[in-house]
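Trainee: I would like a close look at a single part of this model, the surroundings of the ligand. Please go through that part in detail and then place it in the rest of the chain.

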Amino acid sequence: MDMTQSDRTGAEAGKPRLALMGEFSAGKSTLSNILLGGRALPMRVTATRLPPVWVSYGPDRAVCVGQDGSETEIAPDRLDQVDLDQTRMIRLQMEADALQLCDLIDMPGISDPNMSSGVWQALIDEVDSVVWCTHATQAWRQSEAATWDQIVERTNGRNLLLISQIDKLAAGRDRARVLARVRKETAGLFRGVYPVALLEALNAGDDAGRWAESGAAAFIETLVEMLMEPPAQAEAPVEEAEATEPAPEATPAAAETGDRILPKRVKANRALPPRARLQPREKESLLF
Ligand SMILES: Nc1nc2c(ncn2[C@@H]2O[C@H](COP(=O)(O)OP(=O)(O)OP(=O)(O)O)[C@@H](O)[C@H]2O)c(=O)[nH]1
Ligand SMILES: [Mg+2]
């Protein structure tokens, strides 16, 4: 299978492409591991930098896409050894549930001193939605606001802000203060702001209480709802009406189980072909 940038695997399947962005070390790769059900992408290792990693559904495979468009298959456990100067991105395939819903693009940090911003800017027009990750201890820095200002118009407007490392702030007043400030400073810029202790979430295992406590349950539930919305051009005439409707399935599912919404929701929809899953609800009856 051809895995070049122009191949647009996810787009062909009608899947939105979700980029994880933010400052270096903001938790992007930890979040991608959570979304991929613990299937490891290399998280930050000292002095290791990765180009953008574009992950799509399919049998396990890793390909280096060079600056010249050339493709070289590599062993998935040797991603941290690719030559940054020569590599435009890494394309990965894996059979993770979340990838039935979207393609995932794990971007390098926006102001990483070892990574030119051209690396992620070259890919930004391929992206539909963004989860922007910001460190709780220095949340929503000026550099992040400035970069987001350049990017937001190039997305489809369905973007979330995740405050990572929230466990590094004392529970209670400190967390509430940061959350209130970030919500105020980013008003109108994201669909929602979610504080999450990502390492807690990654290590929660089957402990539903720990998963919910980490903040991941609420975040993932919103993310899945957002990704399942119909494509923007199809929804334009009914957008306002839909926005005011409560999401009919998510709340009971979350309340009943308090569990991993993402795999459950994706599994529940697996019987449907990808395009049907992404159709507006009122159109589903026409399809079946
Ligand atoms: N305590 C705590 N540590 C976290 C959290 N999220 C990430 N980390 C740790 O922070 C470090 C950086 O996380 P990554 O997920 O690699 O961050 P990244 O944004 O992918 O970093 P770059 O790709 O280098 O820009 C890792 O050591 C993580 O284990 C969190 O919510 N809480
Ligand atoms: Mg990373």
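Mentor: The answer starts at the ligand, moves on to the salt bridges, and ends with two single residues and the chain as a whole.

The model is predicted. The shell around ligand 1 has 16 residues, of which Lys 28, Thr 30, Gln 165, Asp 167 and Leu 198 come nearest. By class, the shell divides into six nonpolar, six polar and four charged residues. Two helices, H2 (28–35) and H6 (198–202), each supply at least two residues of this shell. The largest share, three residues, comes from H2.

Three polar contacts to the ligand can be described atom by atom. Lys 28 places a polar side-chain atom 2.7 Å from an oxygen atom of ligand 1. Gln 165 takes part through its backbone, with an N or O atom 2.8 Å from an oxygen atom of ligand 1. With Asp 167 the ligand atom is a nitrogen, and it lies 2.7 Å from an N or O atom in the side chain of that residue. As for cover, ligand 1 on its own has 650 Å² of accessible area, and the protein covers 83% of it.

Gln 165 also leads to a strand. His 135 is found in strand E7 (residues 129–135), and Gln 165 is one of the residues in contact with His 135 once neighbours within four places in sequence are left aside. The others on that list are Phe 24, Ser 25, Ala 26, Ile 163 and Ser 164. His 135 has a relative accessible area of 17%, under the 20% limit, so it counts as buried.

Helix H6, which supplies at least two residues of the ligand shell, is also tied to another helix by a salt bridge. The side chains of Glu 200 and Arg 210 meet at 3.0 Å, N to O. Because Glu 200 lies in H6 and Arg 210 in helix H7 (residues 208–213), this pair ties together parts that are ten residues apart in sequence. Glu 200 is partly exposed at 33% relative accessibility, and Arg 210 is partly exposed at 31%.

Side chains of opposite charge can pair when their charged atoms come close. A search of the whole structure finds nine salt bridges, and two others can be set beside the pair just described. One is formed by Glu 229 and Arg 158, whose side chains meet at 3.3 Å, N to O. Glu 229 lies in the loop between helix H8 (216–227) and helix H9 (232–235), and Arg 158 lies in the loop between helix H4 (142–151) and strand E8 (160–164), so this salt bridge ties together parts that are 71 residues apart in sequence. Arg 158 is buried at 6% relative accessibility, whereas Glu 229 is partly exposed at 22%. Both residues belong to a network of salt bridges that also links Arg 191.

The other pair sits within one helix. Arg 181 and Glu 185 form a salt bridge with an N to O distance of 3.1 Å. They are four residues apart in helix H5 (residues 173–185), which means that about one helical turn separates them. Arg 181 is partly exposed, at 32% relative accessible area, and Glu 185 is also partly exposed, at 44%.

Asn 114 gives a contrast to the buried His 135. Asn 114 lies in the loop between strand E6 (103–106) and helix H3 (118–121). Its relative accessible area is 53%, over the 50% limit, so it counts as exposed. Leaving aside neighbours within four places in sequence, Asn 114 is in contact with Arg 49 and Leu 84. Arg 49 is 65 residues away from Asn 114 along the chain, yet their C-alpha atoms are separated by 7.7 Å.

Finally, the chain as a whole. Its secondary structure comes to 14 helices and nine strands. Of its 288 residues, 49% count as buried. Among contacts between residues at least 6 apart in sequence, 75% join residues at least 24 apart. The accessible surface comes to about 13,700 Å², and 51% of it belongs to carbon and sulfur atoms.

How values were computed. Residues are numbered from 1 along each chain as its sequence is written. Chains are lettered from A and ligands numbered from 1 in the order in which they are written. This is a predicted model: local features need pLDDT of at least 70, side-chain atom pairs count only at pLDDT 80 or more; totals for chains, interfaces and linings use all residues. Side-chain values use heavy atoms; hydrogens and water are left out. A residue is near a molecule or strand if one of its heavy atoms lies within 4 Å of it. A polar contact is a pair of N or O atoms within 3.5 Å; within protein, one must be able to donate a hydrogen and the other to accept it, and residues adjacent in sequence count only if both atoms are side-chain atoms. Accessible areas come from the Shrake-Rupley method with a 1.4 Å probe; for residues, only the protein chains shown count as cover. Ala, Val, Leu, Ile, Met, Phe, Trp, Tyr, Cys and Pro count as nonpolar, Asp, Glu, Lys and Arg as charged, and the others, Gly among them, as polar. A salt bridge is a side-chain nitrogen of Lys or Arg within 4 Å of a carboxyl oxygen of Asp or Glu. Buried means under 20% relative accessible area, exposed over 50%, partly exposed in between (1.4 Å probe, protein chains only). Contact means heavy atoms within 4.5 Å.
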